[in-house]
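Subject: Structure handover

Hello,

Here is the structure I promised to pass on. Please open it beside this message and follow along.

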Amino acid sequence: MEKRVCFDFEIEFSNGGGIQGQEFRLDIEGDDISDDALADYIVRDMRLLMVGTVRILNKRIIEEAHKRPLQESPTS
């Protein structure tokens, strides 16, 4: 079975404001992901700019099928 990470997050923007997510789920490769790697993943995947602080809360790894299709490698 594939692994996903389920977590809450809080993001503060350096120019003010912020966003939160609860019970957010993302596909992961392997059995674990560090909080720093997860924060980078969220920021990159959501294409956020002007990010100040990212807090990862209540993280747990669950066994669940991935929801995104694998990206096919470009053919030459």
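Below is what I found, starting with the sheet and ending with the core.

Please keep in mind that this is a predicted model.

**The sheet and the helix**

Start with the strands. Three of them make an open sheet. Their order is E2-E1-E3, and the pairing is antiparallel. Strand E2 covers 18-28 and strand E3 covers 51-63. Both stand at the edges with a single partner strand each, so one side of each has no neighbour in the sheet. On average, neighbouring strands are turned by 20 degrees against each other, with direction ignored.

Strand E1 spans residues 3-13. E1 pairs with E2 in the antiparallel sense, over nine bridges. To find this pairing in the viewer, look for Lys-3, whose bridge partner in E2 is Ile-28.

Next comes the helix. H1 runs over residues 35-45 and packs on the sheet. Which strands does helix H1 touch? It touches E1, E2 and E3. The direction of H1 makes about 110 degrees with that of E3.

**The aromatic rings**

The whole structure holds three aromatic pairs. Two of them are worth a look here.

The first to open is Phe-7 with Phe-9. Their ring centres are 6.0 Å apart and their planes stand at 45 degrees, so this pair is tilted. Are these two residues buried or exposed? Phe-7 is buried, with a relative accessible area of 0%. Phe-9 is buried as well, at 3% relative accessibility.

Now turn to Phe-9 and Phe-24, an edge-to-face pair. The centres are 5.2 Å apart, with 85 degrees between the planes. This pair links distant parts of the chain. Phe-9 sits in strand E1 and Phe-24 in strand E2, 15 residues apart. Phe-24 has 29% relative accessibility, so Phe-24 counts as partly exposed.

Taken together, Phe-7, Phe-9 and Phe-24 form one aromatic cluster.

**The salt bridges**

Charged side chains are the next stop. Side chains of opposite charge can pair when their charged atoms come close. How many salt bridges does a search of the whole structure find? The search finds nine. I picked out a few.

Arg-4 is a good place to begin. Its side chain meets that of Asp-27 in a salt bridge, 2.8 Å from N to O. Arg-4 lies in strand E1 and Asp-27 in strand E2, 23 residues apart. Arg-4 is at 7% relative accessibility, so it counts as buried. Asp-27, at 11%, also counts as buried.

The side chain of Arg-4 also meets that of Glu-64 in a salt bridge, at 2.6 Å from N to O. Here the partners are 60 residues apart, with Arg-4 in strand E1 and Glu-64 in the segment after E3. Like Arg-4, Glu-64 is buried.

These contacts belong to a network. Salt bridges link Arg-4, Arg-25, Asp-27 and Glu-64.

One more pair is Glu-23 with Arg-60, whose side chains meet at 3.3 Å, N to O. Glu-23 is in strand E2 and Arg-60 in strand E3, so the pair ties together parts that are 37 residues apart in sequence. Are these partners buried or partly exposed? Glu-23 has 45% relative accessibility, so it counts as partly exposed. Arg-60, at 37%, counts as partly exposed too.

**The nonpolar core**

Finish with the inside. In soluble globular proteins, nonpolar side chains tend to be buried together. The largest nonpolar core in this model has 13 residues. Which residues have the most contacts inside it? They are Val-5, Phe-7, Leu-26, Leu-38 and Ile-42.

E1, E2 and H1 each supply at least two residues of this core. E1 gives the most, with five residues.

Phe-7 turns up again here. Leaving aside residues up to four places away in sequence, Phe-7 touches a list of residues that includes Leu-26, Leu-38 and Ile-42. Phe-24, its fellow member of the aromatic cluster, is also among the residues it touches. So are Ile-56 and Leu-57.

If you open one residue, I suggest Phe-7: it belongs to the aromatic cluster and is listed among the core residues with the most contacts.

Best wishes

Note on methods:
Residues are numbered from 1 along each chain as its sequence is written. This is a predicted model: local features need pLDDT of at least 70, side-chain atom pairs count only at pLDDT 80 or more; totals for chains, interfaces and linings use all residues. Side-chain values use heavy atoms; hydrogens and water are left out. Two strands pair if DSSP finds at least two bridges between them. Helices (H or I, at least four residues) and strands (E, at least two) are DSSP runs, numbered from the N terminus. Axes are lines fitted to C-alpha atoms, for helices over the stretch in contact, and angles run from 0 to 180 degrees between N-to-C directions. Contact means heavy atoms within 4.5 Å. Rings of Phe, Tyr and Trp (its six-membered ring) pair if their centres lie within 6.5 Å; planes under 30 degrees apart count as stacked, over 60 as edge-to-face and the rest as tilted. Buried means under 20% relative accessible area, exposed over 50%, partly exposed in between (1.4 Å probe, protein chains only). A salt bridge is a side-chain nitrogen of Lys or Arg within 4 Å of a carboxyl oxygen of Asp or Glu. A nonpolar core is a set of buried Ala, Val, Leu, Ile, Met, Phe, Trp, Tyr and Cys residues joined through side-chain atoms within 4.5 Å.
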